[in-house]
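Thanks for coming. I will go through one structure today, starting with a sheet and ending with the cavities.

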Amino acid sequence: MFSAFINSWKVPELRNRIIVTLGLIFISRIGANVPLPGIDPTVLAGFVEQILEGTGATGAVGLYNAFTGGAMLKGAIFALGIMPYISASIIMQLLGAVWPELARLRQEENGQQKIAQYTRYMTIAIGFVQGLMVTQMLSNPSTVGHALGLQNFSENILVCDKTLFICLGTLILTAGALIMTWIGEQITQRGIGNGASILIVLGIVADLPNAISPFVSGLFGEQIIDGTGASQHGLGSFLGMLLLFVAGCAALVEITQAVRKIPVQYAKRMVGRKMYGGQSNFLPMKVNYAGVMPVIFAGAILSFLSLPFTWLGTTVPALDFLVPWGAAIAPGHNVYYCLMALFVFTFSYFWVSVMFKPIQVADELKKNNGYIPGVRPGQHTANYLEFVMNRLTFAGGVFLVVIALLPDFFIYEFDLYPRLARVIGGTSGLIVVGVVLDTMRQVESLLLQRHYDGFLKKSRIGGIAMPSMNPRRIADVDAAQGLGKTTYILLGVFALGLAVALYKWIMVLVSSL
């Protein structure tokens with residue numbers, strides 16, 4: 001594996017792509033740490049600390065903040081991250097499956113470019129709405145605190161006029177979302193591919209030092225505060241976290257790589273004087289075809305359901321009976337787990353029914369003289385594929401429910417630190433593992449083209465790539481165009497940023513001891 005990383009630098013095109021990716025990653029992290037104008041950083045830090053301590057980094061706020069690497073709660077200019085573009089891409093994918101005109105446009109010669117342009121326009125609209133919501137949240141911290149169950153925050157985060165901040169901040173956040181979209185596209189075209197997915201993973205990993213700091217403080221101290229408010233010795237939490245990390249990684253890799261191989265036989269055919277076909281192959285069908293989307297949808301819906309109950313119950317005295325309802329659908333309660341399992345299964349089947357087209361797959365097999373042994377071509381093949389995918393979706397839904405609830409099990413049953421447990425397991429872990437495997441698979445294919453060994457000597461990284469928000473993949477290395485001197489400038493910028501980040505992380509860990 002280590003020799004593969006060394007060989008990556010021996011291929012000039014691949015080396016340039018890696019350098020460009022690292023430089024663009026550093027630029028994205030700069031914007032994630034530059035606050036919006038008109039914010040008091042000291043007051044904002046106290047507000048963020050209360051939110052993370054009060055909610056345990058759960059819910060929609062914690063999930064969105066994790067995907068942006070903490071930029072949202074910092075009030076940074078890149079607070080929206082790449083999420084508006086991801087949301088627009090998902091909407092366009094769903095519309096393409098249910099809107100025939102858009103599906104036909106996708107198959108035209110320049111259809112993909114037009115759809116990409118429509119996605120950018122939708123990114124602007126979504127970024128504007130989300131930017132307005134973030135500025136409203138920062139302008140009214142007491143109202144947000146009541147909605148999240150925080151009763152003792154009454155300070156003002158802003159140091160300027162509220163209307164001016166909302167107008168200017170919304171425009172800056174929208175522009176920041178577009179810059180992040182451009183960075184993601186550049187990583188896809190000039191970097192190692194999967195630009196949007198890499199930026200999400202970068203946000204999750206960037207939040208690790210802040211999540212590890214309290215845990216390290218308790219590990220080397222005498223006690224650590226756990227998820228229930230009690231205290232225990234740090235060694236037990238360390239062993240629990242180690243077990244969660246190992247078990248979580250093994251389960252995530254297994255479900256990401258798992259496929260059902262459907263045998264396909266191609267009939268022989270005569271083209272001119274040559275005989276083609278007569279080969280056996282297989283059609284791989286992913287066990288977790290929906291990827292991480294069902295867990296994200298289920299978590300977002302449950303979070304948004306609990307917020308109105310909590311906010312109305314705390315602000316309107318006559319509706320105080322709604323507070324227990326909001327608490328019942330919060331993590332740590334049986335109602336929450338039952339609804340989470342139900343929503344995950346529902347969205348898994350919904351996503352598969354929209355995105356998987358068995359009739360189209362059956363027609364493609366028939367056009368290429370392929371058939372599944374024992375199954376008639378045409379409609380019978382489509383019915384068989386749909387039957388198999390429904391069974392696989394059920395198994396994938398069970399795995400997703402286990403992975404989604406695994407951090408809560410360790411938090412509330414073994415009293416582990418919640419913020420770190422949610423970062424290394426659950427939804428975040430599934431995204432990280434899927435994107436890392438997909439990126440390694442693409443880099444490995446480039447190495448094999450240049451006659452180098454891949455990351456694994458005995459076999460290649462198997463499975464199918466996790467459904468990506470950006471359908472484009474890395475271009476052919478022979479057509480790659482470098483950035484000239486800009487490549488080395490980006491490498492120097494990344495090296496400087498890495499040194500600063502390491503210094504910051506070391507100081508955070510030292511201060512927590």
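Before the sheet, one term: two strands count as paired if DSSP finds at least two bridges between them. Keep in mind as well that this is a predicted model.

With that, take strand β3, residues 259–266, and strand β6, residues 280–286. They run antiparallel and are joined by seven bridges. To find your place along this pair, look for Lys261, which stands opposite Pro284 in β6.

β3 has another partner, strand β7, at residues 370–371. Here there are two bridges, and the strands again run antiparallel. The residue to look for is Tyr266, opposite Gly370 in β7.

Put together, that gives an open sheet of three strands, in the order β6-β3-β7, with antiparallel pairing. Which strands are at the edges? They are β6 and β7, as each pairs on one side only.

Now the cavities. How many of 30 Å³ or more does the structure hold? There are four. I will stay with the largest, whose volume is about 100 Å³.

Its lining is made up of 13 residues, and those nearest the centre are Arg29, Thr68, Met180, Leu199 and Gly203. Two helices, α2 at 12–31 and α10 at 195–206, each supply at least two residues of this lining. The largest share comes from α10, with three residues.

As for the character of the lining of the largest cavity, seven of the residues are nonpolar, five are polar and one is charged.

That is where I will stop.

Definitions and conventions:
Residues numbered from 1 in each chain as written. Predicted model: local features only at pLDDT ≥ 70, side-chain atom pairs only at ≥ 80, totals over all residues. Heavy atoms only, no water. Helix = DSSP H or I, 4+ residues; strand = E, 2+ residues; numbered from the N terminus. 1 Å grid on protein atoms, 1.4 Å probe; cavity = no way out; pocket = protein on both sides within 12 Å on 5 of 7 lines; lining within 4 Å. Points joined across faces, edges and corners; volume = space filled by probe spheres on them. Nonpolar A, V, L, I, M, F, W, Y, C, P; charged D, E, K, R; others polar.
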